[in-house]
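User: I am new to this structure. Please take a close look at a single part of it and explain what surrounds that part.

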Amino acid sequence: MLLNFLAKFQLTQNPKLDFLSGLTVALALVPEAIAFAFVAGVEPLVGLYAAFFVGIITSIFGGRSGMISGATGAMAVVMVALVAIYGVQYLFATIILTGIIQIIIGILRLGKFINIVPTPVMLGFVNGLAIVIFLSQIGQFKSPDFSHESDNNHSAINVLFNGGWLQGNQLFIMILLTLLTMGIIFLVPKIPKLGKLLPSPLVSIIIISFLVIMFKIDTLTVGDLASVSGGLPEFSIPSVPFSFETLFIVLPFSLTLAGIGLIESLLTLTLIDEITETKGKPNKECFGQGLSNVTCGFFGAMGGCAMIGQSMINISSGGRGRLSGIVAAVSLLCFILFFSKWIEMIPIAALTGIMMMVVIGTFAWASIKIINKVPKEDAFVIILVTFVTVWQDLAIAVVVGVIFSALSYSWKSSSFINLEKKETISKNESTYILKGSLFFGSINKFKNLMNPINFEEKIINLDCSEAWIWDQSSLEILHNLTNKFKSHNKFLKLHNLGPTSHNLVKKSQESFNINIED
């Protein structure tokens, strides 16, 4: 009965798998949260507290079970300028406003607009994201002083051109342990009993940590990044002036962070929907993300959004219910309060190996095979979004991809409008069939087709049963053509309009002179 109750609210269908996968995710969250805190220019605990609050609140109130949220690099790189110029208290005020904006978007049910993201953009998104995760893990092969620099040149590829690489035995051991971790993750599922007992990423962490501690192997650990020890987060109102000047400072950053956070979260939600063949709730996710960020701002945390890398770890480890995210967040807080000494002993190589396997699982390898088989516009979008994701960030890449796809669609649609003669009613009257979409992109071709001097008849009936009238530009051209036909002593009339087109034209008749048959 208890399992039925938990399953009804998507808390869990498999408590053991959700618990173990949540614990695995919590271990992977620690170095990420610390690294992103460094990027944003704040203390490590500010990032760790964000991972806790964002993780647990979105797991409970968000729109996608099994998805993991926390402090992210995409948002951190926007925060760094704000913290550097105005200080960390302005960051907390910004995060509160960010959350409010996201809550409003959720209430207004604007999350549905994620459905307009085309498949080529999604493919480019996951490919670019896989490359970004890979490049971020390359930074783990550097000394701690270099691997988490917080300069303004924040593109993922920048990590390759900074100095500070590990040398000699340290580099060799790091590579060896990373490959060993990947091998364990690959092999564990092939061992029937062990594969069902524990998630393979958790097994790899246990084995690698045991080897490093037992044989006193000299390699980087979580403790080399920063201490994860701390107390409970405390409630506080950001120490900023309550004035319009403060609002004008934080509002641009809040709008940017809200947009980036929701784009990354909703795309991650869509990706997990496809993997698990289930359906998340975008508007509810917007609300959950907003609520978590408002809470972060009042508890001295840096805010965040969905984390695709950790979400993929969770899904691949068997975590499907909300319980997995709750366990991950609570475990992270327990690490901070009680188990920091042990967590700091985990080798960075073990966590790097897990993320490398995530890279392999995230990249859409099928897109390489189909790149020369899909329309060239779609192939270009896949490559474009992948490149911009690596060069800039995910949010910019998705916006660029959607805009290019929309322009490409408009260009192709504009050429599909045609006119075909249907019947001659009399010497002075004929009916023509209009085929295609009439909108801003096709009005020039339509104008050429409907030049009055091309028609000998006095009455031209335009059958619109295979046409759609979409926007103000199409109303404007119909109005102009009606008057132009009239100036040539001819009469243009529209017939068989579909319901949407008919309503649009009907509502506009006070402003536009268009003859239609009711």
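Analyst: A residue is called buried here if its relative accessible area is under 20%, exposed if over 50%, and partly exposed in between (1.4 Å probe, protein chains only). The model is predicted, so local features need pLDDT of at least 70 and side-chain atom pairs count only at pLDDT 80 or more, while totals for chains, interfaces and linings use all residues. Residues are numbered from 1 along each chain as its sequence is written, and side-chain values use heavy atoms, leaving out hydrogens and water.

The part chosen is helix H14, residues 308-316, which is mostly covered, with eight of its nine residues buried. Helices (H or I, at least four residues) and strands (E, at least two) are DSSP runs, numbered from the N terminus. The buried residues of H14 are Ile-308, Gly-309, Gln-310, Ser-311, Met-312, Ile-313, Asn-314 and Ile-315. Their cover includes H2, H6 (119-138), H12 (244-276), strand S2 (305-306), H15 and H17 (348-362). After H14 comes Gly-318, which has a positive phi, near 100°.

Gln-310 belongs to this helix. With a relative accessible area of 2%, Gln-310 counts as buried. Leaving aside residues up to four places away in sequence, Gln-310 touches (heavy atoms within 4.5 Å) Val-25, Ala-28, Leu-29, Glu-32, Ile-68 and Met-355.

Another residue of H14, Ile-308, is touched by Phe-125. Phe-125 also touches Leu-267, Thr-268, Val-385, Leu-394 and Val-398, again not counting residues up to four places away in sequence. Together with Val-30 and Met-302, Phe-125 has the most contacts inside the largest nonpolar core, which has 116 residues. Such a core is a set of buried Ala, Val, Leu, Ile, Met, Phe, Trp, Tyr and Cys residues joined through side-chain atoms within 4.5 Å. Helix H2 (residues 15-40) gives the most to this core, twelve residues. A further core of 25 residues lies apart from it, and includes Ile-443, Ile-469, Leu-475 and Leu-492.

H15, one of the elements covering H14, also packs against H3. The axes of H3 (residues 44-61) and H15 (residues 322-337) come within 8 Å and cross at roughly 155°; these axes are lines fitted to C-alpha atoms over the stretch in contact, with angles from 0 to 180 degrees between N-to-C directions. H3 and H15 are therefore roughly antiparallel, the term for angles over 145 degrees. Among the residues making this contact are Leu-45, Tyr-49, Phe-52 and Ile-56 of H3, and Arg-322, Ile-326, Ala-329 and Leu-333 of H15. The contact residues divide into 14 nonpolar, four polar and one charged. In this count Ala, Val, Leu, Ile, Met, Phe, Trp, Tyr, Cys and Pro are nonpolar, Asp, Glu, Lys and Arg are charged, and the others, Gly among them, are polar.

H3 has another partner, H13 (residues 282-298): their axes also come within 8 Å and cross at roughly 150°. On the H3 side, Ala-50, Phe-53, Val-54, Ile-57, Thr-58 and Phe-61 take part, meeting H13 residues that include Lys-284, Glu-285, Leu-291 and Cys-296. This contact holds seven nonpolar, six polar and two charged residues.

For contrast with Gln-310, consider Lys-493 in strand S6 (residues 491-495). At 25% relative accessibility, Lys-493 counts as partly exposed. The residues Lys-493 touches, beyond four places away in sequence, are Ile-460, Asn-461, Leu-462, Asn-515, Ile-516 and Glu-517.

How values were computed: Parallel < 35°, antiparallel > 145°, perpendicular 65-115°, else oblique.
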